[in-house]
Structure formats: structure tokens, C-alpha cells
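Subject: Structure for your review

Hello,

The structure we discussed is below. My notes on it follow.

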Amino acid sequence: MTGGAATLADARAQLAAAVELLGYDRGTYDLLSVPRREVSVSIPLRRDDGTVEVLTGHRVQHNYSRGPGKGGVRFSPRVDLDEVRALAMWMTWKCALLDVPYGGAKGGVCIDPRQYSAAELERVTRRFTSEISPLIGPTQDIPAPDVGTDEQTMAWMMDTYSVGAGHTVLGVVTGKPISLGGSRGRASATSRGVVHVALAALRHLGLDPQGSTAAVQGFGKVGRGTARFLAEAGVAVRAVSDQYGAVEAPPSDAGAGLDVAALESHADATGSVVGFWGGVPLPGEELLTADVDLLVPAAVEGVLHEGNADGVRARLVVEGANGPTTAAADASLARRGVLVVPDILANAGGVIVSYFEWVQANQAYWWSEAEVEARLADRMTSAWQQVLAQSQRHGVDLRAAATSLAVQRVAQAHTQRGLYP
């Protein structure tokens, strides 16, 4: 089993473990293991050269017992329906864990955006939005950017939906440009949330962030900001990778980190971290087994697996990406005493500030960046403390603790609302 099917199997295995820990019956598992609604759509695209290509898109609403659906839209050649189902389920748990009044949703188009022009991507986005528009809206399901999409994608989605509605609907998506009702602090929110939790986890392990080392896999929307904020907190970022390769601080500079600001400038100029003058080349797969205190996988799912988990030398793994650790890798890391902070907690900063953006759009009143960041820090710190307490109370790892807390809240909402008819 590979790809989306394996990801969905891992998500369902986590749910099954939480249901068992909570003492719920099989019916609860069955209710929560499948999406409430899903749609797959064809997206005909007229290429710039006049040829026509047909793409496939999906939108899955896993659960909306606690509020409207919430979840990103990704443009990636890896997208398939099972992957979207798994990601939507994780969004349900993430929103419940952070006590955000949403259910989980996710969407995606199977496309490699690097192979298409901006005009072609706009046409894809607008057609996809029009196809799923009956299912989305500020009180139904609120998309956001994810892998391969950005604030411009959200602007196109908002405009397409608004044209159909006959008026501007700012709250239909989040992650928009600030000029179109986006929230200050949204772009960096996921990275800041990862770092808030990572620093708390390092201290929990008795490690002073000022003397700790880290490796970050991925240098995109999450990994890049994570590396920057870790460095600002005094953590030495020893290695960073992207889809093209990796670099590490010279071995002779023991304990020193990469110059992250200079690395960002290099990536802006060249499109990759590869070739950075302040580091030495590192095979990409070796970053995951680097000799550091903290490992942040912040790229795609399934990168830590049974083939490499035994080689992980970090004492702490903080999941910046969704589902980067397979069930087999989880078991291996647990046996070796590696603390894993799960994705539904670690990377929840994005959905928290998306919620703030939605609230601001509905009120037509915008907060300062300092207000946003203070409220984000409070939410992330509180959630970390709750998950840690649940872990210690039940004697389980942080993933089981986080998932069981979230499942408990969703199941409670189901029970209180009842079944109709």
C-alpha cells in the first residue's frame, strides 16, 4: 500500500487507537472514519498553446459537527482522493484540539504547478472553484492555501465565488492578501506555531533552546519560516533541505548553525537552498538522520518510515508537515525514546490564524499583527500543555494524547447534537 491509501490507513489507525483509549464502541469509529461528504470534479483546462487538458480535483468534508469545514487546497501531482480524505480527517482533529469552531475539510487538484503558467493556474483555480462552489462558503466550508497554492490562489477563489454570489464574500477563503481581507500574521502563522511548540518541547526535555541544534526538512511556506524563527530563538539550524537537495553547516563549525537570513536570500535568488555558499552539500535523505537535537519534517507526508526511522538521531521530532511520520516509524521512534510532537498540534498555527482571519472578515474589523501573534502564542501554548497533561495522565505518547483529546471533543459534539432522523 502506497501513496494516499497508505496515508489514509495511518490516519484511520490513529483514530482506532484513540477510540480504544477512550473506550468508545465500534459505531463511533465507523462514524468518524469516513467523510460526511466528498466530491471529485473534472477540470478542463485550455493551455496557453490552445490545447485542452483535463485535470482532476477533489474536495472532502470529513466532519462538520463542531462548525463549518476548514482545510487547505493543494496543487500537487501526488494528490489523490485517499490523500485528501486523510488530510481532511486530520483537519477535524486539529480544529477540535485547538478548540477552533470548525470541522475538517481538504481539497486538491492533481497538477504540478511548476509546469504551468500563471494564467493557466488562474484558469485551473477558477474552474475548480466554480465546480465545488455549491459545497463551500463562509458558513459551509472555508478553503485556505496549502502545498502548491498561495494567497494569489485564494484571491482567485474568493473572486470566483463572489462573482457567483453577486457580491464580495471575504469570508469564503482564508490566507488571502491583506489588501483583500487577509489577516496580518497569517503567512507566518504555521511556522510560528511550530516554533512555539518546539521550544516548549525542548524545555520539557531539559534542553535549553539557546544551546540546541536543529534540522529542517523543507524550505517552503512552513520550513522556511520555521528555520528563521528557530534561529531567532537561539537554536542553531544545522541543516536545511528542499525538493532539490540539502545543505548543512560545515562540520568544522561544531555547534554553529547556518546563516538562515543569508540562506533565504540565496533561495530567493536561485530558487533552491542548493549551492548555498555558507554551507556544504548534504544528500537530502541524510538530513532526516542528522545529529541534532530537533528534527522538523516540514515538507510532505510519509518521509519518516520504517526504512529510516531507526537512523533518526534527534531527541525531538516536531511535525511541521501533515502526516510526515508513518505508523511504523512512530513505533520505532517511541521504542527509542524519541519525543514526537504530532502534526495536529505542531502545525496548527495556520488554522488558528485562518480562524482569526475568518472572524475579522465577518466583523469587517482587522487586528494588529501584535494582537494576532499574541493570541496565536496563547492558543499554541495552552494546547501543548493540555496534550502533555493528557499524555502523562494516560501514559501514552503525544500523538495518542492529542488525537484522543480531539476525538473526544468531536464525539461529544455528535452525541449532543444526536442523529437525524
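Helix α11 is mostly covered, with 13 of its 15 residues buried. This is a predicted model, and the length of α11 can be checked against ideal geometry. The helix runs over residues 349-363, and at 1.5 Å a residue its 15 residues should span 21 Å; the end C-alpha atoms are 21 Å apart, so the two values agree. Just after α11, A364 has a positive phi of about 55°.

The next item is T125, which sits in helix α4 (residues 118-132). Its relative accessible area is 1%, and because the cut-off for buried is under 20%, T125 counts as buried. The T125 side chain comes to 2.8 Å from the backbone oxygen of L121. Apart from neighbours within four places in sequence, T125 is in contact with F75, T153, W156 and M157.

The last item is a set of strands. Strand β7 (residues 236-242) pairs with strand β8 (residues 245-248) in the antiparallel sense, over four bridges. A hairpin of two residues joins β7 to β8, and S241 stands opposite A246 in β8. Strand β8 is also joined to strand β9 (residues 280-282) by three bridges, again antiparallel. In that pairing, E248 stands opposite V280 in β9. Strand β8 therefore has antiparallel bridges both to β7 and to β9. As background for reading these strands, side chains in a regular strand alternate between the two faces of the sheet.

Regards

Conventions. Residues are numbered from 1 along each chain as its sequence is written. This is a predicted model: local features need pLDDT of at least 70, side-chain atom pairs count only at pLDDT 80 or more; totals for chains, interfaces and linings use all residues. Side-chain values use heavy atoms; hydrogens and water are left out. The expected span of a helix is 1.5 Å times one less than its number of residues. Buried means under 20% relative accessible area, exposed over 50%, partly exposed in between (1.4 Å probe, protein chains only). A polar contact is a pair of N or O atoms within 3.5 Å; within protein, one must be able to donate a hydrogen and the other to accept it, and residues adjacent in sequence count only if both atoms are side-chain atoms. Contact means heavy atoms within 4.5 Å. Two strands pair if DSSP finds at least two bridges between them.
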